Amino acid sequence: MDWNDRFAASGVGRPGPPSVLVGREDVVPTTGRALDVACGRGTVAVWLAARGLAVDAIDAAAAGLALGRELADAEGVSVRWIEADLDDGLPVGPAYDVVVCQRFRDPLLYPAFAGLLAPGGLLVMTVLSTVGDTGGRFRAAPGELRAAFDHLDVLVDEEGDGEAHLVARLR
Ligand SMILES: C[S@@+](CC[C@H](N)C(=O)[O-])C[C@H]1O[C@@H](n2cnc3c(N)ncnc32)[C@H](O)[C@@H]1O
């Protein structure tokens, strides 16, 4: 089933922080610019906007973006929704204070993620991992995120239960 079909079969979500930041929400600034890459139904994007950030949110699935728009309207916040294929790369433009990418993995984009950060900017990543799982071609090998972003100040580096999480700041 493709993502548009999945979103068409699901309802509007609820705003919430990236899962790795539950209980750590204070690391996210309340001003500045944020980007949510592969935003899906936009639940994180809307949470970031409600926190006070100016948010851009990208996904290829129009049905997910439509649910995001509905959620943003219900919450009374504004998000710039961008329908784009990440196979064509990340957007070029002003730097972001927060970049989130949760449960979408493309190691070819890792250098571009770091390049999008403003000084002091926060990167929040969650990908599927082979750690604590049987494996598969979409999953990160152990240490993949740490190796890719070791030049940042790493605040959180966790792997287990089939997911890898990294939270890091550009110096
Ligand atoms: C597992 S969902 C994660 C959604 C959201 N980040 C979350 O955590 O709820 C993966 C998302 O990646 C998007 N996606 C997959 N391949 C993509 C591509 N090449 N370009 C843009 N979005 C893509 C899908 O449309 C889907 O919304």
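A pocket here is an open set of grid points, on a 1 Å grid over the protein atoms alone, with protein on both sides within 12 Å along at least five of seven lines. In this predicted model, the largest pocket is the space taken by the ligand. The protein has 171 residues, with 5 helices and 7 strands.

**Ligand surroundings**
- The ligand has 15 residues around it, and those that come nearest are Ala38, Asp59, Asp85, Leu86 and Gln102.
- Sorted by class, this shell holds 9 nonpolar, 4 charged and 2 polar residues.

**Polar contacts and burial of the ligand**
- The side chain of Asp85 places an N or O atom 2.8 Å from a nitrogen atom of the ligand.
- Leu86 takes part through its backbone, where a polar atom is 2.8 Å from a nitrogen atom of the ligand.
- Gln102 also has a polar backbone atom next to the ligand, 2.7 Å from a ligand nitrogen.
- On its own the ligand has 590 Å² of accessible area, and the protein covers 81% of that area.

**Fold and overall dimensions**
- Along the sequence, helices and strands follow the pattern α-β-α-β-α-β-β-α-β-α-β-β.
- The radius of gyration is 15 Å, which agrees with a compact globule, because a globule of 171 residues would have a value near 16 Å.
- Taken along the principal axes, the box filled by the C-alpha atoms is roughly 40 × 40 × 35 Å.

Technical notes:
Residues numbered from 1 in each chain as written. Predicted model: local features only at pLDDT ≥ 70, side-chain atom pairs only at ≥ 80, totals over all residues. Heavy atoms only, no water. Near = heavy atom within 4 Å. Polar contact = N/O pair within 3.5 Å; in protein donor to acceptor, adjacent residues only side chain to side chain. Areas by Shrake-Rupley, 256 points an atom, 1.4 Å probe, with all protein chains shown as cover. 1 Å grid on protein atoms, 1.4 Å probe; cavity = no way out; pocket = protein on both sides within 12 Å on 5 of 7 lines; lining within 4 Å. Sits in = over half its atoms within 2 Å of the grid points. Nonpolar A, V, L, I, M, F, W, Y, C, P; charged D, E, K, R; others polar. Helix = DSSP H or I, 4+ residues; strand = E, 2+ residues; numbered from the N terminus. Rg over C-alpha atoms; globule rule 2.2 N^0.38 Å.
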